[in-house]
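Please open the model in your viewer and keep the selection tool at hand, since this tour moves from one selection to the next.

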Amino acid sequence: MKRILIIEDELEMLRNLTTILRLEKFRPLSAENGRAGVDLARRAAADWGKVVDNDILLPILILHDVDKPLMYVRESPDKVGYSQLARELQHGVVGAMLLKDLGLPHIVVSTVATHAGNSPFHGRNFEAYVLHYADYFATDHAIMLEGDDKEPYYQKHWK
Ligand SMILES: [Fe+2]
């Protein structure tokens, strides 16, 4: 079954495309971070009165892992390892440097720089919280779509 990545910000359109592609025997993957983040932000606004700035949240949700292709190298056909850059700078920091060069707002740059789970500290803005939970949900979402025999990321911490 071939995978197809769908990037669509209209939820209804995303659902329709996903359904159609599944019927056509594709395995559609959505940009789940964005979808989960928007869902969480709406829930936080309704339940807690916390309103996020979408001009900050959406670039963070879409771009927080922009440096990942630079952080890994293919060592063999079935093995991926860390790049030299990943041994020198933490994931997120490299992405933040790229986003700063592109002129994104400081809050986007600083949130991306500190979003990684192993960052010594994390952003204190509400958009950073939304990213954190959306990122973990999206990880488990992708794993769960792989099949019933896959174990959620949450459980992998305890082995
Ligand atoms: Fe990340």
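Start by selecting helix α8, residues 126–145, in this predicted model. At 1.5 Å a residue its 20 residues should span 28 Å, and the end C-alpha atoms are indeed 28 Å apart, so the expected and the modelled spans agree.

Within α8, now select Glu127, Ala128, Val130, Leu131, Ala134, Asp135 and Ala138, which are the buried residues of this helix. These residues cover an arc of only 140° around the axis, which puts them on the same side of α8. An α-helix has 3.6 residues a turn, so residues three or four places apart point the same way. To see what lies over the buried residues of α8, add the elements that cover them, which include α2 (32–48), α3 (54–63) and α7. Just after α8, pick glycine 147, which takes a positive phi of about 140°.

From there, go to helix α7, residues 106–113, and select histidine 106. Histidine 106 counts as exposed because 10 other C-beta atoms lie within 10 Å, and a residue with 12 or fewer is classed in this way. If you then add isoleucine 56, the C-alpha to C-alpha distance to histidine 106 is 9.7 Å, although the two are 50 residues apart in sequence.

Finally, move to the loop between α1 (11–23) and β2 (27–30) and select lysine 25. Its backbone deserves a look, as phi of lysine 25 is near 70°, a positive value in a residue other than glycine. Lysine 25 is also exposed, with 8 other C-beta atoms within 10 Å.

How values were computed:
Residues numbered from 1 in each chain as written. Predicted model: local features only at pLDDT ≥ 70, side-chain atom pairs only at ≥ 80, totals over all residues. Helix = DSSP H or I, 4+ residues; strand = E, 2+ residues; numbered from the N terminus. Buried ≥ 20, exposed ≤ 12 C-beta atoms within 10 Å, placed from the backbone. Expected span 1.5 Å × (residues − 1). Arc of directions from axis to C-beta. Contact = placed C-beta atoms within 7 Å.
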